[in-house]
Amino acid sequence: MKELSKEAVEFAVGLLRKLRDARNMPQKQLEESTGAGQSTISRIFSGVQHPTAEMLEKLSRAFGLTLSSILEEIDQEKKEIVGYLATPLTAVVGNAKEEAELEAVVQKIKRIAAYPEFSDPGFEIYWPGDHTHPIKNADLKASLVYL
């Protein structure tokens with residue numbers, strides 16, 4: 001595994017720290033997932049210890065990610081652009097006509113984003129309604145929705 005720049009390490013640790021805090025993941029769970037001692041994990045997240053790329057990969061996998069996917073965020077050459085489409089969700093739930101109209105608008109925007117003119121780099125639309133819809137995904141806790 002190649003050596004990472006100081007900036008890449010700091011970025012990855014910062015993102016993993018935010019995920020750990022948002023998910024209230026105990027260090028004991030990270031210890032079990034990575035095989036590293038709790039004190040090592042604590043020193044990494046507090047910035048006292050500089051982790052190896054291998055340790056960052058193990059920590060990333062504990063969150064269901066890969067280190068390369070995290071580091072893509074700071075890659076200068078993007079292969080695709082992800083657009084976040086913010087729309088009301090809870091305000092239209094229960095009103096079939098408004099839900100259908102909203103869905104039609106979202107699908108139209110996604111079709112336009114898929115036009116050949118937007119292929120280099122590719123353009124993908126992320127709409128929360130596909131993943132955290134309050135009715136289709138009613139089992140999701142609000143803390144996970146905001147994450």
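## A nonpolar patch around Tyr115

Y115 sits in the loop that runs between α6 (96-113) and β2 (122-126), and in this predicted model the residue is partly exposed, with a relative accessible area of 40%. Together with I81, I112, F118 and F123, Y115 makes a nonpolar surface patch of about 420 Å².

## A negative patch that includes Glu80

A second patch, negative in character, is formed by E72, E73, E80 and E124. Of these residues, E80 belongs to strand β1, which covers residues 80-84, and E80 counts as partly exposed because its relative accessibility of 40% falls between the limits of 20% for buried and 50% for exposed residues.

## Overall fold and dimensions

The chain contains seven helices and two strands, and, read from the N terminus, its elements follow the order α-α-α-α-α-β-α-β-α. The radius of gyration of the chain is 19 Å, well over the 15 Å that the globule rule gives for 147 residues, so the chain is more spread out than a compact globule.

Along the principal axes, the C-alpha trace spans about 55 × 35 × 20 Å. Of the 147 residues in the chain, 29% are buried.

## Salt bridges

The structure holds seven salt bridges, and one of them joins D21 to R20, with the closest N and O atoms 2.8 Å apart. The two partners are covered to unlike degrees, for R20 is buried, at a relative accessible area of 14%, whereas D21 is partly exposed, at 43% relative accessibility.

Within helix α6, K97 and E101 lie four residues apart, about one turn of the helix, and these side chains form a salt bridge in which the closest N and O atoms are 3.7 Å apart. Here K97 is exposed, with a relative accessible area of 60%, while E101 counts as partly exposed at 44% relative accessibility.

## A link between distant parts of the chain

The side chains of K110 and D130 also meet in a salt bridge, with an N to O distance of 2.2 Å. This pair links distant parts of the chain, since K110 is in helix α6 and D130 is in the loop between β2 and α7 (142-146), 20 residues apart. K110 is partly exposed, with a relative accessible area of 22%, and D130 is likewise partly exposed, with a relative accessible area of 37%.

Technical notes: Residues numbered from 1 in each chain as written. Predicted model: local features only at pLDDT ≥ 70, side-chain atom pairs only at ≥ 80, totals over all residues. Heavy atoms only, no water. Patch = residues over 30% accessible without salt bridge, like charges linked within 9 Å, V, L, I, M, F, W, Y side chains within 5 Å. Areas by Shrake-Rupley, 256 points an atom, 1.4 Å probe, with all protein chains shown as cover. Salt bridge = Lys/Arg side-chain N within 4 Å of Asp/Glu carboxyl O. Lys, Arg positive; Asp, Glu negative; His and termini not counted. Charge placed at Lys NZ, Arg CZ, Asp CG, Glu CD. Buried < 20%, exposed > 50% of the residue type's maximum accessible area, 1.4 Å probe, protein only. Rg over C-alpha atoms; globule rule 2.2 N^0.38 Å.
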